[in-house]
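Biologist: Could you pull up the model, so that we can go through it together?

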Amino acid sequence: MAQIAKIAIENAVYAIDKPYDYLVPEDMTVCAGMRVTVPFGRGNRRSEGMVLSVQEGAMDRPLKAVETVLDREAQLSAEQIRLALWMCQRYFCTFYDALHAILPIGLWYQHKELWHLKREPEGELPEKEQVLVSLLREKDRELSQLLEAQPKAKAMLQKLEQQGIVSCARASNRRVSDKTDWRVAFAITSQEAEELTRDKMRRAPRQGAALSFLLKNGETSLHDLIYYTGVQRKWVMKMGEEGVFSLCEQEIFRVPLRPAQEKAPQIQLNDEQQAAYNDILAQIHSGKPGVTLLQGVTGSGKTEVYITLAQKLLQEGRTAMILVPEIALTPQMMQRFSLYFGEDVALLHSGLGIAQRYDQYKRIRQGLVKIVLGTRSAVFAPIDNLGMIVLDEEQEGSYESEKSPCYHARDIAKYRCAKEGAWLVLGSATPTVETAYHAREGNYRLTLLRRRFNQNALPGVSLVDMRQELRQGNYTSISHPLYEEIQKNLELGQQTILFLNRRGNSRQVICPGCGYVPQCPRCSVSLTYHSANRRMMCHYCGYSERFEADCPQCGEAFRPVGSGTQRVEQELQELFPGVPILRMDADSVGVQHEKMLQKFDKEKIPILLGTQMVAKGLDFDNVTLVGVLAADQSLYVDNYRAAERTFVLLTQVVGRAGRGDKPGRALIQTYTPENEVLRDAARQDYESFYRREIGLRHMRREPPFTDVTVLTVSGSNEEFVRRSCMQLRDGLCAAMMQPEYRDMGLEVLGPAPAPVVKVNGRFRYRITVVGRCSGPVRRLLAAFMKDFAQRSENRNMSIFAEYNRMN
DNA sequence: AGCACGCCGACT
DNA sequence: GTCGGCGTGCTC
């Protein structure tokens with residue numbers, strides 16, 4: 001009998017990712033959740049691994065042994081191991097891919113191989129080995145350096161190591177270390193301490209100062225003692241050894257802690273909020289997992305419900321997690337939560353450095369945190385005793401990771417709630433059609449907040465027919481009705497937001513002479529202009545080239561196309577001469593973006609013109625008019641979510657008007673004013689939108705009535721990729737004719753080129769499987785992918801799968 | 001993926 | 001005869 005560990009291997013790709021058995025040496029202690037290093041593969045290359053379980057078992061075949069243990073304690077709980085295994089199935093990813101999503105970056109090791117020359121070789125070496133030896137003669141070198149000089153260095157080094165000429169030191173270092181400090185206190189009686197202080201004061205003033213500081217303040221951190229007295233660290237440690245001080249090591253968290261100094265105001269819920277609170281609390285108390293959709297218009301006070309629920313859970317000794325989308329909107333929320341929960345809340349937002357993030361993680365794991373407030377990745381916070389998870393603005397796209405594994409925070413939250421007996425609250429004014437469906441079918445509970453908290457009416461919204469404008473000879477992007485309204489606002493000294501419905505985060509250029517648009521040589525997309533470095537850049541592969549003002553083909557000067565905000569700005573300047581306009585687009589993103597919004601608010605600039613980035617964000621009291629310039633833009637794209645996106649976007653942007661005490665109004669300009677989605681958005685009628693949309697989804701076999709699974713094959717030879725795809729499709733079709741799949745209503749579509757066919761010189765084609773992606777179907781697809789990867793004709797091609805992606 | 005093994009052609 | 005080219009198959 002021997003100890004056998006099941007281990008997930010870091011270096012294993014999807015096709016070979018599974019638990020591998022390793023022997024645990026007699027003198028080694030490991031348990032599930034610890035990381036180890038193991039030899040892996042024919043060349044026994046050293047890889048990191050995660051121990052999934054350890055069992056006593058008979059060695060019925062030769063096993064390799066675990067090399068080193070990297071962790072002193074388990075970094076993953078049994079619960080987290082289960083979650084990672086589930087993610088592997090749900091997102092068709094490797095175990096380590098899942099781990100990278102679950103654990104903070106600060107926890108990961110960087111593995112290094114440092115090679116050293118032990119002795120001079122006797123006799124002649126082959127020329128290439130000689131090169132390595134002379135490199136090592138200068139100094140010890142890292143493997144990566146040696147590989148640069150000699151591509152086949154690995155085999156040579158192994159040979160030289162066997163001959164005893166070189167040796168290798170392997171080190172595994174963490175990105176972030178655990179920060180500790182010492183607590184210093186007297187280990188002697190106070191009389192002795194006073195005596196010693198008087199004695200030292202005369203001979204060694206700094207040491208005396210330190211002693212009297214300790215006398216006055218009692219137990220102190222070493223950091224503070226040094227800071228306030230200038231005493232030497234070495235001396236304090238010496239005093240510790242001599243038994244004058246007692247020293248004990250203490251973990252330091254590099255997290256800005258905000259104790260709740262002010263008394264947070266008591267929240268008074270209105271009757272609607274109270275009803276929502278009561279219902280959700282009753283569900284939490286039932287102990288059964290489940291979901292509530294808290295559907296309330298903006299300003300109906302969902303946050304108050306979250307806070308009071310969290311307060312209640314805190315009282316009951318349970319914990320809560322509140323997730324918010326990755327937008328600039330969160331600072332207010334974070335302020336409120338630290339006001340109410342002080343040190344009990346851990347804030348996990350994108351502004352944290354890796355050390356801070358890691359320390360928050362540790363605080364949570366140690367049970368020092370009762371409430372977690374954060375963005376997408378916070379859903380993995382290792383918090384125990386969870387009573388509730390809230391996903392605010394459930395429909396937001398930022399809840400889905402764009403890196404593999406492309407997990408959706410809602411899925412993970414649902415999984416955790418189910419396993420941990422917690423309740424999931426989805427908050428939204430305009431929920432996704434799937435969520436609304438589940439709520440209306442009774443799979444989720446539905447709670448409505450109809451009233452706006454400050455009793456403000458929703459803005460009055462009307463549609464403007466732009467065809468009419470064309471007939472009247474108005475070819476600008478500002479219609480007559482919108483012009484009138486802007487004029488009115490200017491006279492009243494109130495502000496206007498104009499919204500151009502384009503994905504305007506980039507600027508393209510075109511040659512007006514020959515129509516030439518600079519393209520990325522590696523991808524099938526056009527390059528975009530960046531004013532900061534005056535370069536043309538590719539957003540897919542990072543390629544860039546210097547911007548030439550003139551077209552290389554015909555010599556005419558390039559002109560910007562892009563989002564068109566410049567053109568609209570020009571038109572506005574002609575229509576309203578002398579009126580200041582703030583334009584927000586590609587040139588103003590990131591930090592600038594927030595500053596500009598502040599400027600707009602503070603300086604009361606009359607008109608703000610921008611693309612999608614102005615739809616979200618802060619509330620402005622003085623904005624009473626919103627104009628949507630091209631509502632149709634996001635509506636007619638080939639995506640089953642287009643209608644939903646447009647509705648959500650328009651509702652959001654229209655809601656920007658009339659946030660203060662003045663009533664707001666909005667105009668939506670469109671070439672298709674008869675379009676029902678636009679009419680619903682104008683009426684702010686979610687129910688009507690939902691009823692029509694769910695009917696269409698049912699008819700067209702789209703989520704929530706089915707799952708859409710996309711398999712993507714990529715490779716540098718377009719013809720090979722297409723052929724492999726076709727083979728794969730035929731295989732899948734044949735498999736789906738088998739009796740166990742025949743009645744599942746599965747459909748295989750494609751292959752079709754991906755929306756951007758070529759990225760980084762690789763062509764991408766997709767096969768779509770429509771139909772419930774149940775366990776057996778997932779296993780079938782996984783088997784197909786593994787088979788695909790192992791076929792030699794697919795050598796230079798890769799494949800991945802994802803299902804029900806939102807974005 | 002990454003690495004060894006193995007089987008063929010260009011050199012000492 | 002041997003060095004090194006790439007095709008093939010496995011990873012506890």
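What follows is a chat about the DNA contacts, the salt bridges, a helix pair and the backbone of this model.

Biologist: Before we start, what kind of model is this?

Modeller: It is a predicted model, so everything I quote below is computed from predicted coordinates.

Biologist: Which residues surround DNA strand B?

Modeller: The residues around DNA strand B are V13, I16, R42, G43 and R45, together with K154 and Q158.

Biologist: How many of those are nonpolar, polar or charged?

Modeller: Sorted by class, the surface near DNA strand B has three charged residues, two polar ones and two nonpolar ones.

Biologist: And on the DNA side, what share of the atoms of strand B within 4 Å of the protein belongs to sugar or phosphate?

Modeller: Sugar or phosphate accounts for 85% of the atoms of DNA strand B within 4 Å of the protein, and the rest belong to bases.

Biologist: Switching to charges, how many salt bridges does the count come to?

Modeller: The count comes to 48 salt bridges. As background, side chains of opposite charge can pair when their charged atoms come close.

Biologist: Where do the partners R183 and E219 sit along the chain?

Modeller: The side chains of R183 and E219 form a salt bridge with an N to O distance of 2.8 Å. This pair links distant parts of the chain, since R183 belongs to strand β9 (residues 180-186) while E219 is in the loop between α7 (205-217) and β10 (220-221), 36 residues apart.

Biologist: Are those two buried or exposed?

Modeller: Neither word fits, because R183 has a relative accessible area of 23% and is partly exposed, and E219, at 47% relative accessibility, also counts as partly exposed.

Biologist: What about R697 and E434, how far apart are the closest N and O atoms there?

Modeller: In the salt bridge between R697 and E434, the closest N and O atoms are 3.6 Å apart. R697 lies in helix α22 (residues 686-699) and E434 in helix α15 (residues 433-441), so this pair ties together parts that are 263 residues apart in sequence. Both R697 and E434 are buried.

Biologist: Which parts of the chain does the pair of E485 and R665 link?

Modeller: The side chains of E485 and R665 meet in a salt bridge at 2.4 Å, N to O. That pair links helix α17 (residues 480-492), where E485 is found, with strand β29 (residues 665-670), which holds R665, and the two residues are 180 residues apart. E485 is buried, because its relative accessible area is 16%, and the cut-off for buried is under 20%.

Biologist: Which residues are linked in a network of salt bridges?

Modeller: A network of salt bridges links R174, D178, E251, D359 and K362.

Biologist: Now helices: at what angle do α8 and α9 pack?

Modeller: Helix α8 (residues 222-229) and helix α9 (residues 233-241) pack at an angle of about 130 degrees, and their axes are 10 Å apart. The two helices are therefore oblique to each other, and the crossing of α8 and α9 is right-handed.

Biologist: Turning to the backbone, which peptide bonds should I look at for cis geometry?

Modeller: One is the peptide bond from S404 to P405, which is cis with omega near 0 degrees, and P405 lies in the loop between β16 (386-392) and α14 (409-420). Another cis peptide bond joins P703 and P704, where omega is about 10 degrees, and P704 is found in the loop between α22 and β30 (708-715).

Biologist: And what is phi at F92?

Modeller: Phi of F92 is near 50 degrees, a positive value in a residue other than glycine. F92 sits in the loop between α1 (78-91) and α2 (95-102), and with 7% relative accessibility F92 counts as buried.

Biologist: Is K604 buried or exposed, given its positive phi?

Modeller: K604, which is not a glycine but has a positive phi of about 50 degrees, is partly exposed, with a relative accessible area of 43%. The place of K604 is in the loop between α19 (591-602) and β27 (607-610).

Conventions: Residues numbered from 1 in each chain as written. Chains lettered and ligands numbered in written order. Predicted model: local features only at pLDDT ≥ 70, side-chain atom pairs only at ≥ 80, totals over all residues. Heavy atoms only, no water. Near = heavy atom within 4 Å. Nonpolar A, V, L, I, M, F, W, Y, C, P; charged D, E, K, R; others polar. Salt bridge = Lys/Arg side-chain N within 4 Å of Asp/Glu carboxyl O. Helix = DSSP H or I, 4+ residues; strand = E, 2+ residues; numbered from the N terminus. Buried < 20%, exposed > 50% of the residue type's maximum accessible area, 1.4 Å probe, protein only. Axes fitted to C-alpha atoms, helices over the stretch in contact; angles between N-to-C directions. Parallel < 35°, antiparallel > 145°, perpendicular 65-115°, else oblique. Left-handed = near helix turned anticlockwise from the far one by under 90°.
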